[in-house]
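User: I'd like a close look at a single part of this protein, with a friendly walk through how that part sits among its surroundings. Could you take one helix and build the picture outward from there?

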Amino acid sequence: MTMAKTFPAKTTRPVALTLLLAGLNACDPQPVQPTVQTSAASEQTPAGAAAPQGANDFPTLTRVEYVLQCMQEHGGQNYDNMYHCACAVDVIAKAMAPEEYDQAVTFTNLFGMAGERGSVFRDPPQSEQLRKKLKDAKAAANDTCFPKAPGSTRGQDGK
């Protein structure tokens, strides 16, 4: 008795999401350098010292969430928006550590919560600092990654 082969049902997924997952880091490739940390090297780096370059690598899920939200804000899923939004998340990742970004997004999203519960997100001193840092990083990403319209005064003195 022979059994007929069955194939799983064809799944469809938006083209932009497929392209994003396939080449998320394609616009800023960095070679992987294996490193071996010895006890002598760890003694030379004091605790709390600045992380080495490239250590602020955002998790893939965080990058995908940002890019999808960015594409929605800029008119939908298409290749141009994906490219510019992937560039923007790279700029933000260079400006902020992943933990800072997560906290800043939480403070920003929940800032408007009313009442006493909302004060947890409005009142801490790091709330304002992290929200400002995120706003500045997004502004830098906009200036770097999104094309300026001809005749636009963005980034100029307006003269």
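Analyst: Happy to. A good place to start is helix α3, where length and residue count fit together: its 14 residues should span 20 Å at 1.5 Å a residue, and the end C-alpha atoms are 20 Å apart, which agrees. Please keep in mind throughout that this is a predicted model.

Which residues of α3 are buried? They are Thr62, Arg63, Val64, Tyr66, Val67, Cys70 and Met71. Thr62 is worth a pause. This residue belongs to α3, which covers residues 60-73, and its relative accessible area is 12%, so it counts as buried. Setting aside neighbours within four places in sequence, Thr62 is in contact with Tyr101 and Asp102. Just past the end of α3, Gly75 adopts a positive phi of about 110°.

Tyr101 gives us a bridge to the next part of the story, since Tyr101 is among the α5 residues that meet α7. The axes of α5 (residues 98-110) and α7 (residues 125-145) come within 8 Å and cross at roughly 105°. That crossing makes α5 roughly perpendicular to α7. On the α5 side, the residues involved are Glu100, Tyr101, Gln103, Ala104, Val105, Phe107 and Thr108. Their partners in α7 are Gln126, Ser127, Leu130, Arg131, Lys133 and Leu134. By character, the residues of this contact divide into six nonpolar, four polar and three charged.

Now for α7 itself. This helix has 21 residues and reaches 30 Å from its first C-alpha to its last, close to the 30 Å expected at 1.5 Å a residue. Its buried residues are Ser127, Leu130, Leu134, Ala137, Ala141 and Cys145. Viewed down the axis of α7, these buried residues fall within an arc of 105°, so they line one face of the helix. The face turned away from that buried side carries the exposed residues Pro125, Glu128, Gln129, Lys132 and Lys135. And what covers the buried residues? The cover includes α4 (79-95), α5 and α6 (115-122).

Ser127 shows this arrangement at the level of one residue. Ser127 lies in α7, and with a relative accessible area of 0% it is buried. Not counting residues up to four places away in sequence, Ser127 touches Phe107, Phe121 and Arg122. Phe107 is one of the α5 residues that meet α7. Gln103, another name from the α5 list, is 24 residues from Ser127 in sequence, and their C-alpha atoms are 8.2 Å apart in space.

Helix α4, part of the cover over α7, deserves a look of its own. At 1.5 Å a residue, its 17 residues should span 24 Å, and the end C-alpha atoms are 25 Å apart, which agrees. Twelve of those 17 residues are buried, so α4 is largely enclosed by the rest of the structure. The buried ones are Asn81, Met82, His84, Cys85, Ala86, Cys87, Ala88, Val89, Asp90, Val91, Ile92 and Ala93.

Cys85 then takes us to the segment after α7, where Phe146 is found. Phe146 is buried, with a relative accessible area of 10%. Although Phe146 and Cys85 are 61 residues apart along the chain, their C-alpha atoms are separated by 8.2 Å.

Finally, let's step back to the whole chain. Its secondary structure comes to seven helices and zero strands, and from the N terminus on, the elements run α-α-α-α-α-α-α. Buried residues make up 24% of the 159 residues in the protein chain. Among contacts with a separation of 6 or more, 65% join residues 24 or more positions apart. The link from Thr62 in α3 to Tyr101 and Asp102 is a good one to trace in the structure, as is the approach of Phe146 to Cys85, with 8.2 Å between their C-alpha atoms.

Terms used. Residues are numbered from 1 along each chain as its sequence is written. This is a predicted model: local features need pLDDT of at least 70, side-chain atom pairs count only at pLDDT 80 or more; totals for chains, interfaces and linings use all residues. Side-chain values use heavy atoms; hydrogens and water are left out. Axes are lines fitted to C-alpha atoms, for helices over the stretch in contact, and angles run from 0 to 180 degrees between N-to-C directions. Helices (H or I, at least four residues) and strands (E, at least two) are DSSP runs, numbered from the N terminus. Angles under 35 degrees count as roughly parallel, over 145 as roughly antiparallel, 65 to 115 as roughly perpendicular and the rest as oblique. Contact means heavy atoms within 4.5 Å. Ala, Val, Leu, Ile, Met, Phe, Trp, Tyr, Cys and Pro count as nonpolar, Asp, Glu, Lys and Arg as charged, and the others, Gly among them, as polar. The expected span of a helix is 1.5 Å times one less than its number of residues. Buried means under 20% relative accessible area, exposed over 50%, partly exposed in between (1.4 Å probe, protein chains only). The arc is that of the directions from the helix axis to the C-beta atoms.
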